[in-house]
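Below are some comments on side-chain contacts, set out as numbered points for a colleague who has the coordinates open. Charged pairs come first, and aromatic rings follow.

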Amino acid sequence: MAKKSWIVKQKKEPKYSTRKYNRCPVCGRARAYLTKFGLCRICFKKFALEGYIPGVKKASW
């Protein structure tokens, strides 16, 4: 779980556009962010296993 201050800081409009970065809206994690789904890898796995993300299923071969 990210610090509350980091989440608030990220929501504020940066002075320069290159300072923008992605953060998971669920837990606030900045690393391992999946742009296609808008979640971090941990929240993505949790939601995929629970069936909240359509078209995603666990791989098995």
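1. The model is a predicted one, and in it K20 is an exposed residue, with a relative accessible area of 55%. E13 is likewise classed as exposed, its relative accessible area being 59%.

2. These two residues are joined by a salt bridge, in which the closest N and O atoms of K20 and E13 are 3.9 Å apart. The separation satisfies the criterion because the nitrogen has to lie within 4 Å of the carboxyl oxygen. The count for the structure comes to 1 salt bridge. In general terms, side chains of opposite charge can pair when their charged atoms come close.

3. Turning to the aromatic residues, a search of the whole structure gives 2 aromatic pairs. In one of them, F37 and F44 have ring centres 4.6 Å apart and planes at 40°, and the pair is therefore tilted. An angle of 40° is assigned to this class because stacked planes must be under 30 degrees apart and edge-to-face planes over 60.

4. The partners in that pair fall into separate accessibility classes: F37 is partly exposed at 34% relative accessibility, whereas F44, at 17%, counts as buried. F44 is given the buried label because the limit for that class is under 20% relative accessible area.

5. The rings of F47 and Y52 also pair, in an edge-to-face arrangement with 5.9 Å from centre to centre and 75° between the planes. Y52 counts as exposed, with a relative accessibility of 59%.

Terms used: Residues are numbered from 1 along each chain as its sequence is written. This is a predicted model: local features need pLDDT of at least 70, side-chain atom pairs count only at pLDDT 80 or more; totals for chains, interfaces and linings use all residues. Side-chain values use heavy atoms; hydrogens and water are left out. A salt bridge is a side-chain nitrogen of Lys or Arg within 4 Å of a carboxyl oxygen of Asp or Glu. Buried means under 20% relative accessible area, exposed over 50%, partly exposed in between (1.4 Å probe, protein chains only). Rings of Phe, Tyr and Trp (its six-membered ring) pair if their centres lie within 6.5 Å; planes under 30 degrees apart count as stacked, over 60 as edge-to-face and the rest as tilted.
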